[in-house]
Amino acid sequence: SVIAAFREYYKELPEDDVEMKGVMKYHLEIARQGLALYRALSQVLGKGEDPVEVTHQLMWDVFMKKPSQAMGAMMANAKNPFEGFAQGMVWTNTYIFPEPYWRRDYVDVEDGVGMDYTGCFYYDYFKSKGVPELTSAFCEMDTRQAECFPPQIEFVRKKTLPTGYDICDFRYYKRD
């Protein structure tokens, strides 16, 4: 079963393979669970089923869907959803996705805000575990989360580190 395989793969992961504190303990744990789930799914899924996509869907459903929907509902009730979102981006990037685990430059974007990430904890972690392709399951969380935002906020990303680019380009545009 997937659950039994997950438990076995999870037990095999060394807890001390990366020393983390604060919010990074959370990110490490999510990465470890995603890796164990991916390995379990790779073992038990039939042909035609993509373990990266199934990992993404399960991780989305368990960890991200409800908080993203709640955040989107709160933003939709704001007087100016985009302005509040743009201000929150700096805080989020500073405290939820801290340097040096995520490396980014803010870029000028007409009618929006943008960041170019040149480093990503998840990409580095999965690459070190020999499964860089698993990063896309986590990248897709950004897209799915943005689908929960009010229509005044549009997310566009054309490049990601795991697809061979030297940046992940995050662009959020203000829409009327």
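In this predicted model, the chain exposes about 10,100 Å² to its surroundings, and carbon and sulfur atoms supply 53% of that area. Turning from the surface to the interior, buried residues account for 39% of the 176 residues in the chain. The charges can be summarised in a similar way: there are 21 positive and 27 negative ones, and their mean positions lie 3 Å apart.

The overall dimensions come next. The C-alpha trace spans about 50 × 30 × 30 Å along its principal axes. A compact globule of 176 residues would have a radius of gyration near 16 Å, so the 17 Å found for the chain agrees with that expectation.

As for secondary structure, the chain comprises six helices and four strands. Read from the N terminus, their order is α-α-α-α-β-β-α-α-β-β. Among contacts with a separation of 6 or more, 58% join residues that are 24 or more positions apart.

What lies at the heart of the largest nonpolar core? Of its 41 residues, Phe121, Tyr122, Phe126, Leu134, Phe138 and Tyr172 touch the most other members. Two or more residues each are given to this core by the helices α2 (23-44), α3 (51-76), α4 (81-95), α5 (121-128) and α6 (135-146), together with the strands β2 (112-119), β3 (153-156) and β4 (168-174). The greatest share comes from α2, with nine residues.

Phe126 offers a helpful close-up. Leaving aside residues up to four places away in sequence, Phe126 touches Ala31, Leu35, Val131, Pro132, Leu134, Thr135 and Phe138. Two of these partners, Leu134 and Phe138, are themselves among the core residues that touch the most other members.

Notes. Residues numbered from 1 in each chain as written. Predicted model: local features only at pLDDT ≥ 70, side-chain atom pairs only at ≥ 80, totals over all residues. Heavy atoms only, no water. Core = buried A, V, L, I, M, F, W, Y, C linked by side-chain atoms within 4.5 Å. Buried < 20%, exposed > 50% of the residue type's maximum accessible area, 1.4 Å probe, protein only. Contact = heavy atoms within 4.5 Å. Rg over C-alpha atoms; globule rule 2.2 N^0.38 Å. Areas by Shrake-Rupley, 256 points an atom, 1.4 Å probe, with all protein chains shown as cover. Lys, Arg positive; Asp, Glu negative; His and termini not counted. Charge placed at Lys NZ, Arg CZ, Asp CG, Glu CD.
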